[in-house]
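Thank you for making time this morning. I would like to walk you through one structure, beginning with a few terms and then moving to a single sheet.

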Amino acid sequence: MSLPWATRRMTRLTMFGLPLLLAGAALAGLLSFNDSAHRPKVVLDPGHGGDELGAVEYGLVERDLNLDMAKRVGALLTAAGIDVVYTRTDDGRAYGERPLLTEYSATFADLEERIEIANETKADLFVSIHSNAFGVDRGARGIEVYYNPDRAFAARSRELAEAIRAGVVSLLEAHGYQAPPSRIEEDIAITDAAGRTTPYLVLGGERELKREEMDERGGDWDALGYGKKASVQTRATQMPGVLLELLYLSNEEDVALLRDDSARHHMAEGIADGILRTLGRR
Ligand SMILES: [Zn+2]
């Protein structure tokens, strides 16, 4: 910053200060009018898709449960005057048909596409909907809402996470259900069975992904269209967001709730309530 610039600006403000202030007040009035007319936009991201089913337990398929829950939540939000954008509306992957990709490449491209959809819509909030499973300990159960503490909007994402957690619990309890345990979790990275750590894609920040890493994980660099590049920059959602793990498909009590149409309806109400509260609409 240079001092001459600051001095010039001060002079201008002195000369034109009053008209500028008046224009500013008029503009502020206009902006606040527009603000109240702003229709909030929310991206709902039903996890998994296509031949990537997510958790499968007790005859339940996570891919399908996620889509059903997203549609229930979306209908409630739409009725409340919110614009809803889905990353997928059928069983397929977010990018539709794209054969010839290895499993890892397909999942990678699918997640990148979800982030792209969210960013293109310039949504106010991003909510990824999943259910968990943990076959090693079938006692593990409950609701987890993940947010990323290391990214921009961390405070707002945490607020959204807490509102959704509290919303689901209170709506279940209000309708006579014993609410499952629930918690907020920080979403940093997942570690797979081989001990390799990958940052969560949908809530993660941008990072450099080298060709060797993609090769090592079974991805197909060429099929993804990266050609001769040595690395690519992964995308990142540009709005507050959370990833909900709605109950465990590996736990019988949770499965009973997931199968119960009325419980599903109230959980959807709870998720929508949390989103609306975060948007200041409740
Ligand atoms: Zn999942």
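Two strands are said to pair if DSSP finds at least two bridges between them, and the strands themselves, like the helices, are DSSP runs numbered from the N terminus, with E over at least two residues for a strand and H or I over at least four residues for a helix. Please keep in mind that this is a predicted model, in which local features need pLDDT of at least 70, side-chain atom pairs count only at pLDDT 80 or more, and totals for chains, interfaces and linings use all residues. Residues are numbered from 1 along each chain as its sequence is written.

Let me start with confidence, since pLDDT is the predictor's confidence in each residue, from 0 to 100. The chain has a mean pLDDT of 86, with 82% of its residues reaching 70 or more. Over residues 1-18, however, the pLDDT is below 50, and this stretch has 1 contact in the model beyond near neighbours in sequence, where a contact is two residues whose C-beta atoms, placed from the backbone, lie within 7 Å.

The chain has 7 helices and 12 strands, and I will concentrate on strand β12, residues 241-248. How much of strand β12 is buried? A residue is buried if 20 or more other C-beta atoms, placed from the backbone, lie within 10 Å of its own, exposed if 12 or fewer, and partly exposed in between; by that rule, 8 of the 8 residues of β12 are buried, while buried residues make up 37% of the 282 residues in the chain.

On one hand, β12 runs parallel to β5, residues 125-132, and 6 bridges join these strands, with Tyr248 of β12 as the bridge partner of Asn132. On the other hand, β12 runs antiparallel to β6, residues 143-147, through 4 bridges; here Tyr146 has Leu243 as its bridge partner, and Glu144 has Glu245.

These strands belong to an open sheet of 6 strands with mixed pairing, in the order β4-β1-β5-β12-β6-β7. Its edge strands, each pairing on one side only, are β4 (83-86) and β7 (182-186). Helix α2, residues 62-79, packs on this sheet, touching β1 (41-46), β4, β5 and β12, and its direction makes about 145° with that of β5, where axes are lines fitted to C-alpha atoms, for helices over the stretch in contact, and angles run from 0 to 180 degrees between N-to-C directions.
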